[in-house]
Amino acid sequence: MDGKIGLEEHFGVADFLHDSEGVVPADRWPELKSRILDIHDRRLRLMDAFGMEMMILSLTSPGIQEIPDAPTAIETARRLNDYLAEEIAKRPDRFQGFAALPMQDPDAACLELERCIGTLGFRGALVNGFTELGENREALYYDLPRYRPFWALMERLGVPFYLHPRNPSPRNAGVYEGQEWLMGPTWAFGSETATHALRLMGSGLFDEHPNLAILMGHLGEGLPYSIWRVDNHNAWAKAPPKHKAKRGLRDYFQENFYLTTSGNFHTPSLMCAMAELGSDHILFSTDWPFENIDQAALWFDSVDMSEADRRKIGRTNAQKLFKLGGD
Ligand code: GRE
Ligand code: ZN
């Protein structure tokens, strides 16, 4: 279909690429690097060729989240958000932006979010999993009380928050020791990010802020398949759930979460996600430059679904969620 809108579409800048090197075999790095740095050339040609009208761009993972020094994180986020705004201004009909946020300092994250939405015209925030802070790189997850004012602001601004993956911190990665092949998009990204999303659901965040909209990629990092069991394990024991949320977590997953197809071009997984959340909560994405636009688009365009659902997932759900206007 024409007019597709993608929401998990990354860019990088040359002086901030240190952490992307190593995510692909060394002989593939030159190719990945040129994909990440490009916005208006090859990316736009591929979008034209495969029916993508727009990308809402985000800084590649882990980005700001792996800067342990808060002032550096704040300064870097401002600089890279300004860069993104300049690039978007060249083709606002084709590119929009997500804010990168210095979650190391919740007050600064609020200020930067307000600046990005109010002044730069960004459409939401994309954060790459937990944030590291301080010399011993404490891993901060966003269910912590210190983030409640941030979530109140997200809700007040009415813009979506994309919880993008990153690898677990070394102290939580023991199970991967000697098994580095499991890191990244193979497995560790999904497991880490699904756990973070469950922490948010279980914290009571969505009781306090019922209008928050959280996006997850990769068709929900396995959660559509697993969420029922999260609520229902050992139901005969009638033990009350040991989390702080008022309702079953599947309720929040269905109401507050939106899933994208990024990097998970597998029809049975899409059908499971649609069955759990409904076609209003599923949105097309590619995960360029880590996955191919042609593969994502050719798959999505040919999946056996109603044309009404394809239009929603490919385009109109994003127009509504991000207040993009248009038909
Ligand atoms: C992604 O965004 O999906 C991604 C990364 C880094 C490595 C691989 C990958 O951010 O798929
Ligand atoms: Zn991604």
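**Briefing: cysteines, zinc site and pockets**

A search of the whole structure finds 0 disulfides. The structure is a predicted model, with an average pLDDT of 97 along the chain. It contains a zinc ion (ligand 2) held by four named residues, Glu8, His10, His164 and Asp287. The largest pocket encloses about 1,200 Å³ of space, and the second largest pocket about 380 Å³.

**Confidence**
- A pLDDT of at least 70 is reached by 100% of the residues.
- The model scores are ipTM 0.97 and pTM 0.98.

**Cysteines**
- The cysteine sulfur closest to that of cysteine 116 belongs to cysteine 110, and the two are 12 Å apart, which is too far for a bond.
- A disulfide requires a pair of cysteine sulfur atoms within 2.5 Å, so the 12 Å between the sulfurs of cysteine 116 and cysteine 110 rules out this pair.
- Cysteine 116 is buried, because its relative accessibility is 0%.
- Cysteine 272 counts as partly exposed, because its relative accessibility is 22%.

**Zinc site**
- The zinc ion (ligand 2) is coordinated through OE of Glu8, NE2 of His10, NE2 of His164 and OD of Asp287, at 1.9 to 2.2 Å.
- Along the chain, the donors of this ion follow the spacing E-x1-H-x153-H-x122-D.
- Of these donor residues, glutamate 8 has a relative accessible area of 0% and is therefore buried.
- Histidine 10 is likewise buried, with a relative accessible area of 1%.

**Largest pocket**
- The lining of the largest pocket comprises 49 residues, and those nearest its centre are Gly184, Pro185, Thr186, Phe189 and Gly190.
- At least two lining residues come from each of strand E1 (4-11), helix H1 (29-37), helix H6 (188-202), helix H8 (223-232) and helix H10 (267-277).
- Helix H10 gives the most to this lining, with 4 residues.
- Divided by class, the lining of the largest pocket holds 19 nonpolar, 17 polar and 13 charged residues.

**Second largest pocket**
- The second largest pocket is lined by 18 residues, with Asp231, His233, Ala239, Pro240 and Pro241 nearest its centre.
- Helix H8 supplies the largest share of this lining, 3 residues, and H8 also supplies at least two residues to the lining of the largest pocket.
- The lining of the second largest pocket consists of 8 nonpolar, 5 polar and 5 charged residues.

Notes. Residues numbered from 1 in each chain as written. Chains lettered and ligands numbered in written order. Predicted model: local features only at pLDDT ≥ 70, side-chain atom pairs only at ≥ 80, totals over all residues. Heavy atoms only, no water. Buried < 20%, exposed > 50% of the residue type's maximum accessible area, 1.4 Å probe, protein only. Donors = N, O, S within 2.8 Å, 3.2 Å for Na, K, Ca; no water. pLDDT = per-residue confidence, 0-100. 1 Å grid on protein atoms, 1.4 Å probe; cavity = no way out; pocket = protein on both sides within 12 Å on 5 of 7 lines; lining within 4 Å. Points joined across faces, edges and corners; volume = space filled by probe spheres on them. Nonpolar A, V, L, I, M, F, W, Y, C, P; charged D, E, K, R; others polar.
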